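Visitor: I am new here and would like a friendly tour. Could you walk me through what is on display?

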Amino acid sequence: MQALEANIIEWGVIFWNNFERQFGRYFIAAFLTIALVWVLKRTAWKSRKIQNRDASWRDIRREIFSSIQSNIVYLIITVIMIVGMQIGIFQRVEDSLGLGMDLLLLTGMIFAHDAYFYWTHRAMHHPKLYKHFHRHHHKSVTPTPFAAYSFAPPEALLNALFIPLWQLFIATPATVLISFLIIQIIRNTTQHAGLELHPSWWLKNPISRFISTTTHHDMHHSGGFHYNYGFYFTFWDRLMGTEHPKYHQRFHKVVGNELARD
Ligand SMILES: [Zn+2]
Ligand SMILES: [Zn+2]
């Protein structure tokens, strides 16, 4: 009994120690993206607003509330992972494996997460799963950066499982996991920014064209429901024929390129 009590206290401490970082990452990334958009809207880039519609306060409240809920789900998974490391289910890697290896692991994680995101996202659009998993995220038709974690708990759980699954097979240092989480949340809030943040040449460059844009994900929210499932990259969508047929046209129109015809 005493052992159980000690364990519960220890899990509480782990939860609390990670609380600040978990919520901090979400709110800092969301507020920085909002601040960036606010500044850009006072420049010539104001024409890059993707939709005419604005998110309502009700939308923003819902996005923040459900993101708080998702952050708690992520924290619970973090506690399980840390306890799992202590009892040897997951390997604990304290130190860097060298810059080259760390960067390789980080790149591997990003590509693996992109595939995980694409396929779980597509699965959640299946009518049998949609209602319970993903409908909540799509209540944001005009998303704001706060929508980054605006999920129903089952979707938050599915997203959170990526890191434990990865760590189960590939022992990765904590610094790499944290770097991954930072890249992921920045990518996530900027994808929901509502204003196109990528340079106008983005889709003309042979490399950057495979990295998705704010318009790419915005179109998924605003009617292009069965297109643009990808997160970091566009190649899964291109490979599986789910890239929105008007994606390039819409992007060029938003950034004011001449070839835009609509
Ligand atoms: Zn979706
Ligand atoms: Zn979204």
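Visitor: Which residue just after α8 takes a positive phi of about 120°?
Guide: Happy to help, and please keep in mind that this is a predicted model. Helix α8 covers residues 214-221. Just after α8, a positive phi of about 120° is taken by G223.

Visitor: How many of the residues of α8 are buried?
Guide: The list of buried residues reads T214, T215, H216, H217, D218, M219, H220 and H221. Their cover includes α7 and α10. Helix α8 is largely enclosed by the rest of the structure, because the buried residues number eight of the eight.

Visitor: At what angle do the axes of α8 and α10 cross?
Guide: Helix α10 is made of residues 247-255. Its crossing with α8 is right-handed. The two axes come within 10 Å, and they cross at roughly 115°.

Visitor: Which residues of α10 make the contact with α8?
Guide: On the α8 side you will find T215, H216 and M219. The residues of this contact divide into four nonpolar, two polar and one charged. From α10, the contact is made by Y247, R250, F251 and V254.

Visitor: Is N228 buried or exposed?
Guide: Let's place it: N228 lies in the loop between α8 and α9. Most residues other than glycine have a negative phi. N228 is not a glycine, yet its phi is positive, at about 55°. A residue needs 20 or more other C-beta atoms within 10 Å for that label, and N228 has 23, so it is buried.

Visitor: And is I207 buried or exposed?
Guide: I207 also sits in a loop, here between α7 and α8. From I207 to V13 is 44 Å, C-alpha to C-alpha, with their positions 194 residues apart in sequence. A residue with 12 or fewer other C-beta atoms within 10 Å falls in one class; I207 has 6, so it is exposed.

Visitor: Is α1 parallel or oblique to α7?
Guide: Helix α1 runs over residues 2-40, and its axis is 9 Å from that of α7. The two pack at an angle of about 40°. Angles under 35 degrees would count as roughly parallel, so α1 is instead oblique.

Visitor: Which residues of α7 does α1 meet?
Guide: The crossing of these two helices is right-handed. From α1 come R25, Y26, A29, A30 and T33. The contact holds seven nonpolar, three polar and one charged residue. On the α7 side, the residues met are L181, I182, I185, I186, T189 and T190.

Visitor: Which helices do the buried residues of α5 pack against?
Guide: Helix α5 spans residues 153-160, and its buried residues are E155, A156, L158 and N159. These lie on the same side of α5, because they cover an arc of only 160° around the axis. The helices they pack against are α2, α3, α4 and α6.

Visitor: Which residues does P153 touch, leaving out those up to four places away in sequence?
Guide: P153 is found in helix α5. It has 15 C-beta neighbours inside 10 Å, so it counts as partly exposed. Its C-alpha atom is separated by 7.1 Å from that of V73, although the two are 80 residues apart along the chain. With those sequence neighbours left out, P153 touches Q69 and V73.

Notes. Residues numbered from 1 in each chain as written. Chains lettered and ligands numbered in written order. Predicted model: local features only at pLDDT ≥ 70, side-chain atom pairs only at ≥ 80, totals over all residues. Helix = DSSP H or I, 4+ residues; strand = E, 2+ residues; numbered from the N terminus. Arc of directions from axis to C-beta. Contact = placed C-beta atoms within 7 Å. Axes fitted to C-alpha atoms, helices over the stretch in contact; angles between N-to-C directions. Left-handed = near helix turned anticlockwise from the far one by under 90°. Nonpolar A, V, L, I, M, F, W, Y, C, P; charged D, E, K, R; others polar. Parallel < 35°, antiparallel > 145°, perpendicular 65-115°, else oblique.
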